[in-house]
4 protein chains.
Amino acid sequence: MQLGMIGLGKMGANMAQRLLQGGHQVTGFDPSADARKNLEGHGGGSADSLKALVQALPAPRVLWLMVPSGKITDDTVDALLALLDKGDTMIDGGNSNYKDSLGHAAKCKDKGVNYVDCGTSGGVWGLAEGYSMMVGGDEQVVDGLKPIFETLAPGKDKGWGRVGPVGSGHFTKMVHNGIEYGLMQAYAEGFSILKHKEEFGLDLAQIGNIWRDGSVVRSWLLELATDALSKNPEMDGIAPYVVDSGEGRWTVNAALELNVSAPVITLSLMERFRSRDDDSFTDKLLASLRNEFGGHAIKKE
Amino acid sequence: MQLGMIGLGKMGANMAQRLLQGGHQVTGFDPSADARKNLEGHGGGSADSLKALVQALPAPRVLWLMVPSGKITDDTVDALLALLDKGDTMIDGGNSNYKDSLGHAAKCKDKGVNYVDCGTSGGVWGLAEGYSMMVGGDEQVVDGLKPIFETLAPGKDKGWGRVGPVGSGHFTKMVHNGIEYGLMQAYAEGFSILKHKEEFGLDLAQIGNIWRDGSVVRSWLLELATDALSKNPEMDGIAPYVVDSGEGRWTVNAALELNVSAPVITLSLMERFRSRDDDSFTDKLLASLRNEFGGHAIKKE
Amino acid sequence: MQLGMIGLGKMGANMAQRLLQGGHQVTGFDPSADARKNLEGHGGGSADSLKALVQALPAPRVLWLMVPSGKITDDTVDALLALLDKGDTMIDGGNSNYKDSLGHAAKCKDKGVNYVDCGTSGGVWGLAEGYSMMVGGDEQVVDGLKPIFETLAPGKDKGWGRVGPVGSGHFTKMVHNGIEYGLMQAYAEGFSILKHKEEFGLDLAQIGNIWRDGSVVRSWLLELATDALSKNPEMDGIAPYVVDSGEGRWTVNAALELNVSAPVITLSLMERFRSRDDDSFTDKLLASLRNEFGGHAIKKE
Amino acid sequence: MQLGMIGLGKMGANMAQRLLQGGHQVTGFDPSADARKNLEGHGGGSADSLKALVQALPAPRVLWLMVPSGKITDDTVDALLALLDKGDTMIDGGNSNYKDSLGHAAKCKDKGVNYVDCGTSGGVWGLAEGYSMMVGGDEQVVDGLKPIFETLAPGKDKGWGRVGPVGSGHFTKMVHNGIEYGLMQAYAEGFSILKHKEEFGLDLAQIGNIWRDGSVVRSWLLELATDALSKNPEMDGIAPYVVDSGEGRWTVNAALELNVSAPVITLSLMERFRSRDDDSFTDKLLASLRNEFGGHAIKKE
């Protein structure tokens with residue numbers, strides 16, 4: 001198929017490359033000339049504006065957005081809508097909040113443009129192994145895009161699927177990331193307990209390796225943790241500072257809205273907040289309070 | 001009544017003083033000559049060894065232990081038992097684990113010595129306001145000690161009681177402290193949220209003061225937090241480092257043994273662990289893992 | 001002062017009554033004729049429509065809204081705005097989300113109407129003991145309303161205050177309720193641990209009473225818990241079903257927005273969700289999963 | 001090698017069978033004649049008492065214990081020790097608390113018997129796929145047992161290893177299970193959020209299948225969850241009642257002893273407690289307390 005890729009960053013560039021390898025024609029747009037040149041080097045076309053991109057594609061057009069969620073996606077959807085015609089299709093493959101996607105879809109519908117939200121997992125490994133894609137949109141629209149998804153996925157019928165109507169793709173991806181937070185935190189806590197049991201002198205990478213085969217906790221994340229621990233057993237030079245990129249919060253918000261108790265996913269997120277606060281007001285007030293009622297010594301800063 | 005006080009630290013000295021003010025006769029033992037001299041200054045007697053203390057008291061003797069829990073209490077109970085006679089009474093007013101108290105009581109019973117465990121709350125405020133005491137022991141033994149408890153308590157019939165058999169005093173005090181952890185954490189989290197809402201420029205001490213009257217969250221701990229926030233609104237010079245003294249862990253252990261879900265008390269304890277770990281292996285591994293699967297940047301130490 | 005009270009439910013009726021007792025003139029509006037008649041019985045005036053209420057008050061008018069938060073408050077603000085003149089004042093004393101209040105204030109400002117948000121705590125006890133009020137709004141506007149707040153509060157200068165600009169009153173009240181959730185959960189967990197330690201046969205109400213004096217955990221909520229445990233030690237006939245009325249969720253949302261880790265407040269909320277889900281899908285899947293990997297028996301429904 | 005297997009339940013029988021398939025000679029003991037007959041049917045020998053088992057094996061003997069942890073393991077170790085000679089080896093392959101294992105090892109050492117603790121994971125799948133084994137013990141003793149571990153493991157050098165001295169095998173397995181609790185809870189919470197988003201009508205098994213390839217959350221547990229959801233999408237007939245078998249508690253205890261904050265593992269355990277308490281005293285007291293201060297209605301039982 002022929003497709004326009006908007007956003008040629010880490011993710012977009014790799015996805016375009018995988019599509020090209022799969023025999024599709026990809027024309028890419030990115031504000032960076034280097035990014036466009038890079039795509040050309042892999043056999044794709046390029047356009048230096050959204051307008052040029054839209055003009056370069058035959059109708060009905062298919063455009064894949066792979067840009068940062070939030071304002072940039074909002075603005076891109078708006079700009080694109082002004083350029084597209086009835087029957088064209090827009091796929092948001094980024095990490096948009098599913099509520100934004102519902103809004104984008106409504107705008108598109110008004111103009112007769114098809115909208116598909118595709119939650120994409122795979123990170124830096126997707127180019128080689130394929131991307132996991134959770135797709136939301138009208139059944140016949142998604143059907144028409146099958147060749148694209150089948151190429152991007154780990155296998156023709158593997159690792160991707162239409163999970164429901166518009167919005168459900170990003171919703172499912174959001175929950176995927178919430179689960180990811182919980183899984184990561186569970187492994188990290190476990191390895192930390194092992195690490196602190198100093199008298200046993202445990203080799204965490206060795207243990208991770210043992211668990212890779214036959215154990216109940218085997219997983220891809222375990223393999224990555226094991227690799228990380230092999231390369232850097234003491235985590236030297238790494239600050240205990242854990243970023244979150246938004247999906248975890250949205251998952252907690254969804255849990256709150258749906259009245260679902262999700263303590264583990266929620267705590268995993270809050271532990272990340274805590275990791276980034278090396279001057280916790282909460283803890284200072286607690287220390288101060290202990291001093292107030294018990295005369296307990298306060299550690300000075 | 002006549003009573004021997006073992007341990008004249010912060011708590012023991014104040015309790016002896018309150019007993020003396022209440023008309024009781026108190027002879028105190030402490031390894032520190034200064035501590036003994038201080039008690040004499042308040043009208044008490046003193047002894048420079050456990051043996052001397054025991055000899056200074058008329059039978060049946062009443063001895064109040066106010067020493068650090070764990071090994072020191074264990075050793076003191078053993079040493080004392082070798083000196084006491086049938087019918088004497090030992091009261092452990094310290095923060096012993098209730099399981100230790102059950103063990104101490106069994107040893108005492110073998111020799112016909114009465115054992116009473118008294119969980120004591122009140123901190124630095126007890127001398128002036130009276131101590132909250134949760135007492136475990138045989139009903140008639142506790143009855144015989146009433147004059148002591150009535151003097152130490154905030155009022156004759158207030159702030160103290162026999163809650164059950166031996167062990168139950170320290171068990172109840174342990175849970176009291178577990179609750180205390182949860183209450184403190186709830187206030188500290190709330191004030192921290194207020195603090196971080198910078199655009200409102202909230203005065204936390206003012207808010208604490210408002211809440212002192214008529215609000216649902218009014219409490220003694222709130223008053224202390226308000227005082228602390230009045231004196232030091234930014235918590236300047238206080239490290240975000242929160243000590244725990246053991247009862248919180250025991251409360252969690254009790255919850256585990258009793259199959260009671262106690263997430264808030266447990267998390268309050270674990271937040272204290274976290275506050276003391278400024279180089280969290282858990283968080284470093286999480287940051288490393290994010291890099292492994294997503295190529296996300298790692299903050300360097 | 002002269003004031004119009006909109007909403008004569010449990011809270012509004014009691015507040016009107018306290019104002020009347022304090023020498024203010026109160027005209028009330030409520031769709032229920034009984035509610036209006038009740039206010040008249042306490043010496044107030046009444047109006048059977050918002051329009052009639054506005055007409056009954058001298059300019060510049062002061063109107064206190066005490067209606068359910070959300071759509072009803074939104075609609076009332078809109079309806080009222082159409083009737084008011086420049087210089088009139090609207091006070092929202094209900095449990096509105098502070099973001100809604102910011103929106104209401106902006107609308108009012110456009111028409112020159114003053115807007116004040118007042119977070120009110122006190123529940124069924126406020127009539128007798130006074131209400132705790134956290135007030136947000138322009139300084140001079142709040143100053144002009146002082147006589148009202150001084151009468152509603154537990155004391156002239158006690159239990160109320162202007163905490164900051166518009167929105168900050170409801171924000172502070174929201175966090176107050178978040179703290180309340182945490183405090184309640186801490187007590188409930190603690191009493192539950194005591195309850196489950198069956199061999200000690202503890203009397204929870206007695207213990208609550210002991211803690212009322214001199215203990216670190218003394219508070220108004222403890223007094224209420226003690227009363228509840230005195231009246232119904234086994235909690236007979238009470239379903240383990242805990243409602244939340246919204247402020248807890250908003251507090252968690254605020255923590256997420258502000259990057260503040262607030263595990264105890266958050267867990268307290270989620271435990272309430274859990275209490276209302278007697279058929280947890282999470283737990284069923286866990287049971288099913290244990291069976292899948294370990295062949296562990298599943299309890300049948 | 002030649003080996004005596006003590007305990008021919010689900011796990012022991014399968015392990016004996018896998019050893020037999022690997023060319024080892026296995027003599028088994030179990031109180032159940034059926035279990036012994038079953039082993040004979042697979043080509044093993046059997047003994048109807050520990051004594052007979054010990055006599056049937058050539059010195060130096062190797063005995064593998066696969067019996068329930070706690071008292072039964074304690075008693076078996078004691079009984080066996082009375083029958084063994086210097087140079088014999090005992091392997092505890094069950095789920096013993098590592099502290100018990102340290103005690104068992106000390107007893108064995110006194111008599112010159114080798115002791116090895118082997119934490120075993122694999123459940124009902126081990127027979128076909130091999131067992132994950134974390135082994136603690138003296139290096140040369142474990143070396144001598146290599147042929148056994150290599151056969152039981154998923155591969156000669158895969159899925160097993162000596163992780164450290166005596167005790168470290170069961171410690172590592174304990175943490176493995178703690179992690180497992182966290183992983184399971186994360187998946188279950190995530191699927192529950194998906195389930196409750198009713199307007200999207202999501203097919204959880206389909207989503208689990210998508211995630212199996214290319215996604216960050218792919219794992220063996222996810223595959224099992226997907227299978228479970230395929231077979232029974234609504235979890236019909238399954239009670240929301242989740243058992244824990246001890247290792248989770250021990251992991252939390254270890255975290256407490258080591259001052260490691262492990263909120264996710266801990267909460268996963270406590271959620272299991274909560275799942276088994278359909279009449280939560282905590283929640284009843286909360287409901288009662290809400291009524292006390294706010295006059296909120298209580299749901300009747």
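Q: How many bridges join strand S1 of chain A to S4(A), and how do the two run?
A: Three bridges join strand S1 (residues 2-6) to S4(A), and the two strands run parallel. Two strands pair if DSSP finds at least two bridges between them, so S1(A) and S4(A) count as paired. This is a predicted model. Ile6(A) stands opposite Leu65(A) in S4(A).

Q: What makes S4(A) and strand S5 of chain A a pair?
A: Four bridges join S4(A) to strand S5 (residues 89-92). The cut-off is at least two bridges, so the two strands are paired. They run parallel. Trp64(A) faces Ile91(A) across this pairing.

Q: Which way do the residues of strand S4 of chain A point, and are they buried or exposed?
A: Val62(A) and Trp64(A) point one way from the strand (residues 62-65). Leu63(A) and Leu65(A) point the other way. All are buried. Buried here means under 20% relative accessible area.

Q: Why is Asp74(A) called partly exposed?
A: Its relative accessibility is 28%. Buried means under 20% and exposed means over 50%, with partly exposed in between. The value falls in between, so Asp74(A) counts as partly exposed. Asp74(A) lies in helix H4 (residues 71-81) of chain A. Its C-alpha atom is separated by 23 Å from that of Phe149(A), 75 residues apart along the chain.

Q: Why does Thr73(D) count as buried?
A: Thr73(D) has 0% relative accessibility. The limit for buried is under 20%, so Thr73(D) is buried. The residue sits in helix H4 (residues 71-81) of chain D.

Q: Which residues is Thr73(D) in contact with, leaving aside its neighbours within four places in sequence?
A: They are Val67(D), Pro68(D), Asp92(D), Ser96(D) and His104(D). Contact means heavy atoms within 4.5 Å.

Q: What makes up chain A as a whole?
A: Chain A has 14 helices and eight strands. Its C-alpha atoms fill a box of roughly 75 × 45 × 35 Å along the principal axes. Buried residues make up 64% of its 301 residues. Among contacts between residues at least 6 apart in sequence, 64% join residues at least 24 apart.

Q: Where does UniProt place the feature "domain: 6-phosphogluconate dehydrogenase C-terminal" in chain A?
A: The unreviewed entry places it at residues 169-297. In the model, that span is 67% helix and 0% strand. The C-alpha atoms at its two ends lie 53 Å apart.

Q: Which strands are the edge strands of the open sheet in chain C?
A: The sheet has eight strands in the order S3-S2-S1-S4-S5-S6-S7-S8, with mixed pairing. The edge strands are strand S3 (45-47) and strand S8 (160-164), since each pairs on one side only. Neighbouring strands are turned by 25 degrees against each other on average, direction ignored.

Q: How do strand S6 and strand S7 of chain C run, and how many bridges join them?
A: They run antiparallel, and five bridges join S6 (residues 114-121) to S7 (residues 132-136). Cys118(C) has Val135(C) as its bridge partner in S7(C).

Q: Which strands does helix H1 of chain C lie across?
A: Helix H1 (residues 10-21) lies across strand S1 (2-6), strand S2 (25-29), strand S4 (62-65) and S6 of chain C. H1(C) runs at about 165 degrees to S1(C). Helix H2 (residues 33-41) of chain C also packs on the sheet, touching S2 and S3. Its direction makes about 160 degrees with that of S3(C).

Q: How do you know that chain C and chain B are related as by a two-fold rotation axis?
A: A turn of 180 degrees and a shift of 0.0 Å along the axis lay chain C on chain B, with an RMSD of 0.0 Å. The two copies are thus related as by a two-fold rotation axis. In chain C, Ser219(C) comes closest to that axis, at 1.9 Å (C-alpha).

Q: Why can the copies be said to meet through the same surface?
A: 100% of the interface residues of chain C are also interface residues in chain B, so the copies meet through the same surface. The contact takes 67 residues from chain C and 67 residues from chain B. About 5,700 Å² is buried between the two chains, with 73% from carbon and sulfur atoms. Ile193(C), Phe200(C) and Val216(C) lose the most area to chain B, together 13% of what the chain C side buries.

Q: What area do chain A and chain D bury between them?
A: They bury about 5,700 Å², 73% of it on carbon and sulfur atoms. Ile193(A), Phe200(A) and Val216(A) supply 13% of the area that chain A buries against chain D, more than any other three residues.

Notes
Residues numbered from 1 in each chain as written. Chains lettered and ligands numbered in written order. Predicted model: local features only at pLDDT ≥ 70, side-chain atom pairs only at ≥ 80, totals over all residues. Heavy atoms only, no water. Least-squares fit on C-alpha atoms with pLDDT ≥ 70 in both. Axes fitted to C-alpha atoms, helices over the stretch in contact; angles between N-to-C directions. Buried < 20%, exposed > 50% of the residue type's maximum accessible area, 1.4 Å probe, protein only. UniProt positions renumbered as here; feature names shortened; annotations may be inferred. Buried area = accessible area lost by both parts, 1.4 Å probe.
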